[in-house]
Amino acid sequence: MTQENYVLAIDQGTTSSRAIIFDHSGRIVATGQREHEQIFPRAGWVEHDPMEIWESVREVVAQALSKASVNRDQIAAVGITNQRETTVVWNKETGEPVYNAIVWQDTRTQKIIEELGGDAGQDKYKDRVGLPLATYFCGPKVKWILDNVDGARADAEAGKLLMGTIDTWVLWNMTGGVDGGVHVTDVANASRTMLMDLKTLSWDEEIAADMTIPVSMLPEIKSSSEVYGKGRQKGLLVDTPIAGILGDQQAATFGQACFEVGMAKNTYGTGNFMLMNTGEEIVPSKNGLLTTVCYKIGDRKPIYALEGSIAVTGSLVQWLRDNLKMFDSAPEVEKLALEVEDNGGVYFVPAFSGLFAPYWRSDARGALVGMTRYVNRNHIARAALEATAFQTREVLDAMNADSGVELTELKVDGGMTANETLMQFQADMLGVDVVRPVVAETTALGAAYAAGIAVGYWEGEQDVIDNWAEDKRWTPQMDADQRERLYRNWKKAVTRTFDWVDEDVD
């Protein structure tokens, strides 16, 4: 182990930026956090201000260092983890974004998706990139910006513009920005653009051409664990190696020590994301899942995963709080839900951004069904929580079918795992144990491990396994007949959301 004491992870998420300092045992020493604005210009459009994100990253790093009474010389390495698919296009000469970041939840690229698919449909590129054509991914977002922002396409073709996911934007700024900033992403984030070939781990120039994206805009693809550059930003982490990058869900899989084939984790955040390690094998999905790169350590072979992505889970609770004013703080949803014995026959399908796995229906929109005069806000609160568990069951069923492996327990992490009612209902709905680790901040922890391994602070995956510890386990208590009745009604509710968007509805 090197003489430095800590590793710092930057976790740039959908609703906030955080910096977390970890010690060698993988425990949290200090945290800095700041929320950033959610911008909704039109129905279905979701944006972030990249400059606000960069400012928030600098602020939370300073917060964490101050709280820990740690200086930069005690930080062995920095890891970056990020909300994936959220896309930034910026001018490399000025450092200014040409447009707001288009967030992964945004659905404005639906027409682009349909045009790209043509007669081949949404699986046109799936054998190469592991992804269906969907509004979720980066490539079509870049095309939209180039097609719709004045002067953007001309500047892109003149080599003045760069694109990247949030990790790339943060790294470029941390390493100097217009003054020699490093333009790099890792294989995990690159695999979410719809532009990277899963086998070669390089950009597919034919797909980039189809999307009219100049290859000069694309970052260099590197592993998830190596030194990309050193900090150069105004005294903050100057000369500290930035040595790990993982998209948030891959980072959580790494932090949960899911290193064996068949091991899986589920993260409960703004959305839900379940990943199952498939080892060095690329497993195509026949059941609506994504095939993605899980991680790549230095020069070693890449490890792949199957993923089930759910767009809206925690953000549904946020919506009930902010849009409907049902309560003042997110944890209150559990108290409301506990005041009734069941959902009163109500099912809430939160297809606010269409439906992701296993349906991939961009034409779907949210629906609250089964309403009677008996129903009150407590039932709606309970239905909102249950929606998360039902959607996770759908993904797990698909994962079992694709992998041929019946999952025996599910490792969980993320903010919603603090909700005991949800976690018990999740175990009931899956019929397997649900297990939460002591350190639930596995996203930041995974990025820290990737960075620390790159500089020798940790020796490798065995250190991650040794540091992982179980905090709480929920065991199924519901009888099978009730489980299947509830699930059957949920599936019926989901079908009511299909085909909502047409030419007359934005």
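Visitor: Angles under 35 degrees count as roughly parallel, over 145 as roughly antiparallel, 65 to 115 as roughly perpendicular and the rest as oblique. How do α9 and α14 sit relative to each other?

Guide: α9 and α14 are roughly perpendicular to each other. Helix α9 covers residues 248-255 and helix α14 covers 442-454, and their axes cross at roughly 75°, coming within 7 Å. Axes here are lines fitted to C-alpha atoms, for helices over the stretch in contact, with angles running from 0 to 180 degrees between N-to-C directions. Helices (H or I, at least four residues) and strands (E, at least two) are DSSP runs, numbered from the N terminus.

Visitor: Hang on, what kind of model am I looking at?

Guide: This is a predicted model, where local features need pLDDT of at least 70 and side-chain atom pairs count only at pLDDT 80 or more, while totals for chains, interfaces and linings use all residues. Residues are numbered from 1 along each chain as its sequence is written, and side-chain values use heavy atoms, leaving out hydrogens and water.

Visitor: Back to α9 and α14. Which residues make the contact?

Guide: From α9 you have Asp 248, Ala 251, Ala 252, Phe 254 and Gly 255, and from α14 Thr 442, Thr 443, Leu 445, Gly 446, Ala 447, Tyr 449, Ala 450 and Ile 453. Contact means heavy atoms within 4.5 Å. By class, the contact of α9 with α14 has eight nonpolar, four polar and one charged. For those classes, Ala, Val, Leu, Ile, Met, Phe, Trp, Tyr, Cys and Pro count as nonpolar, Asp, Glu, Lys and Arg as charged, and the others, Gly among them, as polar.

Visitor: And the largest nonpolar core? Which residues touch the most other members?

Guide: Tyr 136, Met 217 and Phe 254 do, in a core of 135 residues. Helix α12 (residues 377-403) gives the most to this core, namely 12 residues. Apart from that core there's another, of 33 residues, including Ala 19, Ile 21, Ala 64 and Leu 237. A nonpolar core is a set of buried Ala, Val, Leu, Ile, Met, Phe, Trp, Tyr and Cys residues joined through side-chain atoms within 4.5 Å. Buried means under 20% relative accessible area, exposed over 50%, and partly exposed in between (1.4 Å probe, protein chains only).

Visitor: What is Met 217 in contact with?

Guide: Leaving aside neighbours within four places in sequence, Met 217 contacts Val 89, Val 142, Leu 146, Ala 156, Leu 161, Leu 162, Met 163 and His 183.

Visitor: You mentioned α12. At what angle do α12 and α13 pack?

Guide: About 35°, with axes 9 Å apart; α13 is residues 420-430. The crossing of α12 and α13 is right-handed. A crossing is left-handed if the near helix is turned anticlockwise from the far one by less than a right angle, and right-handed if clockwise. On the α12 side, Leu 385, Glu 386, Thr 388, Ala 389, Phe 390, Thr 392, Arg 393 and Leu 396 meet Leu 422, Phe 425, Gln 426, Met 429 and Leu 430 of α13.

Visitor: What does Met 478 touch?

Guide: Not counting residues up to four places away in sequence, Met 478 touches Phe 425, Asp 428, Met 429, Arg 483 and Leu 486. Met 478 lies in the loop between β23 (470-474) and α16 (480-495), and counts as buried at 14% relative accessibility.

Visitor: New topic: odd backbone. Where is the cis peptide bond?

Guide: The cis bond runs from Ala 357 to Pro 358, with omega near -5°. Pro 358 is in the loop between β19 and β20 (367-369).

Visitor: Which residues other than glycine have a positive phi?

Guide: Met 194, with phi of about 75°, and Thr 212, with phi near 55°, are two to look at. Met 194 sits in the loop between α7 (187-190) and β10 (196-197), while Thr 212 is in the loop between α8 (205-210) and β12 (220-222).

Visitor: Is Met 194 buried or exposed? And what about Thr 212?

Guide: Met 194 counts as buried, at 0% relative accessibility. Thr 212 is partly exposed, with a relative accessible area of 32%.
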